[in-house]
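Here is a short briefing on one protein chain. Please keep the sequence and the 3D view open while reading.

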Amino acid sequence: MNDMNEEANPSRLIDARIEQMTDWRGMMLGRLRDIIRQADPDIIEAVKWRKPSNPLGVPTWERDGIICTGETYKDKVKLTFAHGAAIDDPSSLFNSSLDGNVRRAIDFSEGQAVDADALKTLVRAAVSLNVSKKRKR
């Protein structure tokens with residue numbers, strides 16, 4: 001990442017985040033990223049909240065607003081849906097941040113299977129919500 005443009009490229013920053021984690025969390029974040037990108041070809045990758053203590057920032061997926069963020073912790077990978085409380089979750093994937101009025105999250109732990117179809121459905125519902133909000137504006 002010598003070139004300044006490469007360093008600022010969100011997809012490359014997310015690549016670097018995934019490569020930096022040599023354990024199951026990197027593989028899980030990579031898998032989740034692939035599923036999110038498969039759900040809608042118009043999703044854009046971004047990186048938010050870069051700071052000295054977190055120079056690679058937080059991977060973020062957007063389309064007409066934030067869909068979700070991907071954070072890694074010691075014992076989990078967390079996908080937080082910006083407006084998760086407003087979308088249907090027919091497969092009951094949300095298992096974290098259930099008490100809030102806006103966000104909902106999914107915590108993935110080591111060895112946990114990912115229901116790709118259910119996650120794509122959730123991502124598409126978040127995209128639809130964002131698109132409909134933008135149209136109203």
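The points below cover confidence, the sheet, its second strand, the packed helix and one loop residue.

This is a predicted model. Its core feature for this briefing is an open sheet of 5 strands in the order β1-β2-β3-β4-β5, with antiparallel pairing. Helix α3 packs on that sheet.

**Confidence**
- The chain averages a pLDDT of 91, and 94% of the residues score at least 70.
- Residues 1-6 are another matter: pLDDT stays under 50 there.
- For residues 1-6 the model has 6 contacts beyond four places in sequence.

**Sheet layout**
- The edge strands are β1 (44-48) and β5 (104-108), each of which pairs on one side only.
- On average, neighbouring strands are turned by 25° against each other, direction ignored.
- Strands of a sheet pair through backbone hydrogen bonds, either parallel or antiparallel.
- β1 and β2 (residues 58-62) run antiparallel and are joined by 5 bridges.
- Across this pairing, I44 stands opposite E62, and A46 stands opposite T60.
- β2 and β3 also run antiparallel, with 3 bridges between them.
- W61 has C68 in β3 as its bridge partner.
- β2 and β3 form a hairpin with 3 residues between them.
- In that turn, D64 has a positive phi of about 55°.

**Strand β2: buried or exposed?**
- 5 of the 5 residues of β2 are buried, so the strand is largely enclosed by the rest of the structure.
- In a regular strand the side chains alternate between the two faces of the sheet.
- Both faces of β2 are covered.
- V58, T60 and E62 are buried on one side, and P59 and W61 are buried on the other.

**Helix on the sheet**
- Helix α3 spans residues 24-39 and touches β1, β2, β3 (66-72), β4 (77-81) and β5.
- The direction of α3 makes about 30° with that of β4.

**D40, after the helix**
- D40 is found in the loop between α3 and β1.
- Why does D40 count as buried? Its relative accessibility is 9%, and buried means under 20%.
- A polar atom of the D40 side chain lies 2.7 Å from the backbone nitrogen of D42.
- Leaving aside residues up to four places away in sequence, D40 touches R63 and V127.

Definitions and conventions:
Residues are numbered from 1 along each chain as its sequence is written. This is a predicted model: local features need pLDDT of at least 70, side-chain atom pairs count only at pLDDT 80 or more; totals for chains, interfaces and linings use all residues. Side-chain values use heavy atoms; hydrogens and water are left out. Two strands pair if DSSP finds at least two bridges between them. Helices (H or I, at least four residues) and strands (E, at least two) are DSSP runs, numbered from the N terminus. Axes are lines fitted to C-alpha atoms, for helices over the stretch in contact, and angles run from 0 to 180 degrees between N-to-C directions. Contact means heavy atoms within 4.5 Å. Buried means under 20% relative accessible area, exposed over 50%, partly exposed in between (1.4 Å probe, protein chains only). A polar contact is a pair of N or O atoms within 3.5 Å; within protein, one must be able to donate a hydrogen and the other to accept it, and residues adjacent in sequence count only if both atoms are side-chain atoms. pLDDT is the predictor's confidence in each residue, from 0 to 100.
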